[in-house]
Amino acid sequence: MSDPSSAGGTNVEGESPRVEPTIETADVTITDDAELERTLGLAGALAIGIGTMIGAGIFVFPGLAAGRAGPAAAGSFAIGAFVALLVALPASELATAMPKSGGGYYYISRGLGTLPGAVVGLSLWFGLVFATAFYLVGFGYYAVDTLAELGVSMGDGLVIPLALLFGAGVTVLNVTGTENAAKLQNGIVALLLSILIVFLGYGGLDALGIVGEPSAPQQFAPFGPMPVLTTAALVFTSYLGFAQVATVAGEIRDPGRNLPLAMVGSVLVVGVLYVAAIFVATSAFGSERLSTFGETAMVEVGRHYFGSAGAVAIVFGGLLATMSSANASVLSTSRAIYAVSKDALLPRHASHINLRYGTPHVALGMAGGPILALVATGRVELLAEVASFLHLVTYGLLCVALLALRRADPSWYDPDFRVPGYPVVPILGALASFALIGFMQRTSQLIGVGIMLATAGWYAYYGRDVTLKGVVE
Amino acid sequence: MTRVLVPLAILEGESVSTGLPTLLATMDVTVLGYHVLPEQTPPDQARLQYEDRATAALTDLAEAFEAAGGSADHRLVFTHDRERTVDRVADEVAADAYAVTGATGSVDRLLVALTGNIAGDRITAFVAELVGDREIGVTLFLATDDEPGGRESIAAAADSLAERGIDVETTLAVDEPPLEALVEAAPSHDAIVMGERSPSLRSFLLGEEADRVAAEAVGPVIVVREESADAAATREQGIDADRASQLED
């Protein structure tokens with residue numbers, strides 16, 4: 001279809017990137033022979049961002065984070081939100097300049113070149129796989145707690161089997177399901193937000209001593225400032241959703257307006273909720289006791305404020321939230337694989353659509369398979385950190401790509417949204433992203449670096465003759 | 001010239017029967033081939049895989065309309081949302097009507113329902129243009145609760161068509177369920193023309209009523225749209241542009 005000589009060289013198999021001229025309007029992308037309808041509105045885009053993020057920060061991390069950093073875990077979440085904002089702003093500018101599927105991968109490959117693009121594109125695939133596995137393990141804990149609330153006590157041994165079962169289910173449903181689940185996702189996010197606002201509103205008033213009994217004061221940062229930073233690195237996984245909005249950038253209506261609003265808006269919404277949740281949770285129990293409740297600590301917090309009804313509401317919320325995070329991430333993974341395969345950095349077959357269901361079953365399988373393998377490890381913190389590591393590399397490079405593009409100022413670069421505080425914001429965003437990696441556990445760092453080296457190796461073998469820098473449609 | 005949009009799920013084998021291009025020979029036709037994708041699939045991904053096949057099918061269809069003597073172009077859209085796509089394209093091409101395709105051979109008699117929210121004179125004007133100087137008879141159909149008023153308006157519509165030399169009959173359904181009465185009247189006709197229900201195409205062309213009429217009547221159903229503000233504005237702009245270019249000349 002695309003002329004090999006026109007764009008970007010070829011890979012080992014002789015395929016070249018598929019690049020065609022397009023015209024973008026608010027409603028549609030127009031190619032030579034076809035139109036691609038933009039169907040997602042602001043609400044849908046926000047639901048993707050919030051729906052991806054909210055599962056982790058509130059329903060999985062509070063106990064773990066409080067155990068590491070004490071009540072100052074709220075500060076860790078605030079740091080995470082700040083870093084995410086520093087990246088969301090540059091990401092918004094890049095997304096409005098290049099409203100294409102693929103998100104971070106696309107901007108970096110066009111702004112910095114094929115090698116960083118390939119590393120980021122493939123790392124994003126693995127990053128999303130790690131993140132999804134993490135959400136699924138979180139789901140497993142909530143599934144076990146749900147059974148416990150129903151009076152069926154199975155113990156934590158069932159967490160991984162349930163997570164695997166659900167992970168396989170999500171993958172299969174995405175391959176075979178042709179029902180439009182987007183409305184369901186919007187509804188789930190709206191329901192979750194309502195549960196959380198009631199819960200955190202009341203809990204917040206209680207914690208401040210306005211209603212209920214005053215809680216015992218405790219030291220804010222009992223372990224000093226360092227754990228606050230390492231915890232920030234751990235919980236950054238809670239903020240990985242905003243960039244997933246950019247992976248569907250090609251399908252969002254009026255991208256110049258909706259992309260920045262959805263990305264920045266979803267970070268602000270979940271950031272506020274996370275900080276409030278940690279504050280309420282640590283006020284209810286004190287961080288030490290909170291940490292003994294583990295992944296589902298929020299259930300006990302719900303019980304503390306509202307009795308068993310509160311516990312049931314939180315268990316239900318946790319199930320929904322981890323489900324929606326996992327599902328949204330599987331979809332993003334398949335789009336990430338598609339974007340890379342379209343550019344001839346993965347075999348074209350990877351983005352093949354099956355005739356029966358019209359779904360990209362190969363890409364979904366390339367997401368689902370590794371996800372299940374990782375779920376089986378059950379290492380919540382490791383999964384979360386590696387996911388954050390791989391995303392943070394992308395985020396850092398994304399800020400660098402913005403700086404490079406602004407400096408080179410190619411004629412095609414014409415964003416609708418320009419990052420405020422240039423160049424301070426992207427420079428800080430890059431530094432903060434890379435710095436956060438430094439606070440992770442050594443194992444996570446090694447795995448992250450290993451994956452990046454492997455992706456660079458793949459590039460050298462498969463696609464080193466592909467050129468993508470400045471190759472826009 | 002009046003434009004009719006023919007939306008087709010092109011990759012699911014939807015096509016037009018031989019009678020439709022002939023019936024629409026007096027119109028400008030836009031064949032809208034669309035393909036609805038589940039949300040798991042980016043439209044661009046589907047385009048890479050299916051574009052060539054869909055374009056070939058659309059080109060053939062447009063040629064069938066041209067061969068029947070009409071003028072036709074085609075659009076191909078990959079989408080998650082059929083309604084949004086059909087609405088958008090209809091507005092962009094300023095379509096005055098949609099066709100719900102159905103099986104038909106040559107069309108000898110049209111059933112024209114003066115129902116819906118479209119003014120009767122818009123429908124009769126459309127029908128007059130559609131029939132042109134061909135030997136196609138028209139049965140006007142009106143379902144109403146108000147017999148004298150209905151009789152009056154159907155007679156006025158019949159007169160305006162008869163003036164143009166069209167063979168007109170009338171059917172008035174008083175106090176009957178409008179849809180059932182329409183479907184009952186359908187068998188002796190080859191195609192149906194009706195007005196769009198408010199508020200838009202969505203509740204009509206895609207709603208149950210159109211499906212039922214199209215399914216039970218077997219033949220094609222042509223739905224006359226309300227002229228949207230956008231379409232009207234586009235048309236005026238077009239006229240302004242024409243005038244401007246004429247002034248330049």
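**A walk through chain B and its shared sheet**

Of the 249 residues in chain B, 48% count as buried. Keep in mind as you look around that this is a predicted model. The secondary structure of chain B adds up to nine helices and nine strands. Now take the contacts in chain B with a separation of 6 or more: 81% of them are between residues 24 or more positions apart.

Let's split chain B into its parts. The domain assignment gives domain 1, residues 3-96, and domain 2, residues 109-226. Taken over C-alpha atoms, the centres of domain 1 and domain 2 of chain B are 25 Å apart. How many residues of domain 1 of chain B are in contact with domain 2 of chain B? Twelve, and they meet 14 residues of domain 2 of chain B. On the domain 1 side, the elements that give two or more residues are α1 (19-23) and α3 (82-92) of chain B. The one that gives the most is α3(B), with four residues. Sort that side of domain 1 by class and you get seven nonpolar, two polar and three charged residues.

Next, turn to where the two chains meet. This contact takes 25 residues from chain B and 29 residues from chain A. Which elements of chain B give two or more residues to the side that touches chain A? They are α2 (43-67), β3 (71-79) and α3 of chain B. The largest share of that side comes from α2(B), with nine residues. By class, the side of chain B that touches chain A has nine nonpolar, eight polar and eight charged residues.

The strands are worth a stop too. Strand β3 of chain A, residues 35-37, pairs with β3(B) in the parallel sense, over two bridges. If you want a spot to zoom in on, find Leu36(A): its bridge partner in β3(B) is Phe78(B).

That pairing belongs to a longer row. Twelve strands form an open sheet with mixed pairing, and the order is β1(A)-β2(A)-β3(A)-β3(B)-β2(B)-β1(B)-β4(B)-β9(B)-β8(B)-β5(B)-β6(B)-β7(B). Which strands are at the edges? They are β1 (23-24) of chain A and β7 (168-174) of chain B, each of which pairs on one side only. Here α3(B) comes back into the story, since it packs on the sheet. It touches β3 of chain A as well as β1 (3-9), β2 (28-36), β3 and β4 of chain B. The direction of α3(B) makes about 145° with that of β3(B).

Finally, follow the sheet along to β9(B), residues 221-224. Strand β4 of chain B, residues 97-100, runs antiparallel to β9(B), and four bridges join them. Along this pairing, Ala97(B) stands opposite Val224(B), while Val100(B) stands opposite Val221(B). Strand β8 of chain B, residues 191-195, is joined to β9(B) by four bridges as well, but these two run parallel. In that pairing, Ile192(B) has Val221(B) as its bridge partner in β9(B). So where do the side chains of β9(B) go? Val221(B) and Val223(B) point one way from the strand, Ile222(B) and Val224(B) point the other way, and all are buried.

Notes. Residues numbered from 1 in each chain as written. Chains lettered and ligands numbered in written order. Predicted model: local features only at pLDDT ≥ 70, side-chain atom pairs only at ≥ 80, totals over all residues. Domains from an automatic or database assignment. Contact = placed C-beta atoms within 7 Å. Nonpolar A, V, L, I, M, F, W, Y, C, P; charged D, E, K, R; others polar. Pairing = 2+ DSSP bridges. Buried ≥ 20, exposed ≤ 12 C-beta atoms within 10 Å, placed from the backbone. Axes fitted to C-alpha atoms, helices over the stretch in contact; angles between N-to-C directions.
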